[in-house]
Amino acid sequence: KVVGLQFYSGVVSMGEAVRLVREPNNPYDCWAISVLNMRRQKVGHIPREIAAALSPVMDREPSMRVEGQLVARRGARAPILLSVYSSSAAAGGVKR
């Protein structure tokens, strides 16, 4: 899911594709992963516990691309369906 939607001016609609991008210099969470809409505007973040598991894998594999699709909107949170693309076996470290 995407959290913190209320803090950003980027807009995302149900069914819209999003991209997940590492944000290692985030002052609040070194494992932060931003969620960007198709205009590359930040719309929120992935929850900390998921980012803590996914970030090390994204850091190890620079070719990894993580995309998602917004499947609903519930106030300041929005569930997303994620897809992970990589040309390497490093993506095998991601667990559901």
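## A walk from helix α1 to the strands

Start with Ile50: at 37% relative accessibility, this residue counts as partly exposed. Keep in mind as you click around that you're looking at a predicted model. Ile50 sits in helix α1. Now add Ile33 to the selection and draw a C-alpha to C-alpha distance: Ile50 and Ile33 come out 9.1 Å apart in space, with their positions 17 residues apart in sequence.

**Stop one: the whole of α1**

Select residues 48-60 to bring up all of helix α1, which has 13 residues. From its first C-alpha to its last, α1 reaches 18 Å, close to the 18 Å expected at 1.5 Å a residue. Turn the view side-on and go to Leu54, where α1 has a kink of about 30 degrees. Shortly after the kink comes a proline, Pro56.

Which residues of α1 are buried? Color Ala51, Leu54, Ser55, Val57 and Met58, and you have them. Leu54 therefore turns up twice on this stop, as the site of the kink and as one of the buried residues, which means its relative accessible area is under 20%. To see what the buried residues of α1 pack against, show β2 (17-22), β3 (33-36) and β5 (65-70).

**Stop two: two loops**

Leave the helix and pick Pro27, in the loop between β2 and β3. Is Pro27 buried or exposed? At 70% relative accessibility it counts as exposed, because the cut-off for that word is over 50%. For a sense of where Pro27 is relative to the helix, take the distance to Ala51: their C-alpha atoms are separated by 15 Å, and the two residues are 24 apart along the chain.

Next, hop to Arg40, in the loop between β3 and β4 (42-45). Arg40 is exposed as well, with a relative accessible area of 69%. Check its backbone while you're there: phi of Arg40 is near 65 degrees, a positive value in a residue other than glycine. Most residues other than glycine have a negative phi.

**Stop three: a pocket**

Switch on a surface and look for the second largest pocket, which holds about 220 Å³ of space. What lies nearest its centre? Select Val3, Tyr8, His45, Ile46 and Arg48, which are among the 13 residues that line the pocket. By class, the lining has seven nonpolar, four polar and two charged residues. Arg48 also belongs to the span of α1, residues 48-60.

**Stop four: strands β6 and β7**

Ile46 from the pocket lining makes a handy bridge to Leu82: the C-alpha atoms of these two are separated by 11 Å, while 36 residues apart along the chain. Leu82 is in strand β7 (residues 80-85) and is partly exposed, with a relative accessible area of 35%. Which residues does Leu82 contact, leaving aside its neighbours within four places in sequence? Show Leu20, Val66, Glu67 and Gly68.

Last pick: Ala78, in strand β6 (residues 77-78). With a relative accessible area of 0%, Ala78 is buried. Beyond its neighbours within four places in sequence, Ala78 is in contact with Lys1, Val2, Leu5, Leu70, Ala72 and Arg73, so for each of these you should find heavy atoms within 4.5 Å. Finish with one more distance, to Gly44: its C-alpha and that of Ala78 are separated by 9.5 Å, with the residues 34 apart along the chain.

How values were computed: Residues numbered from 1 in each chain as written. Predicted model: local features only at pLDDT ≥ 70, side-chain atom pairs only at ≥ 80, totals over all residues. Heavy atoms only, no water. 1 Å grid on protein atoms, 1.4 Å probe; cavity = no way out; pocket = protein on both sides within 12 Å on 5 of 7 lines; lining within 4 Å. Points joined across faces, edges and corners; volume = space filled by probe spheres on them. Nonpolar A, V, L, I, M, F, W, Y, C, P; charged D, E, K, R; others polar. Helix = DSSP H or I, 4+ residues; strand = E, 2+ residues; numbered from the N terminus. Expected span 1.5 Å × (residues − 1). Bend = angle between axes of the 7 residues up to and from the residue. Buried < 20%, exposed > 50% of the residue type's maximum accessible area, 1.4 Å probe, protein only.
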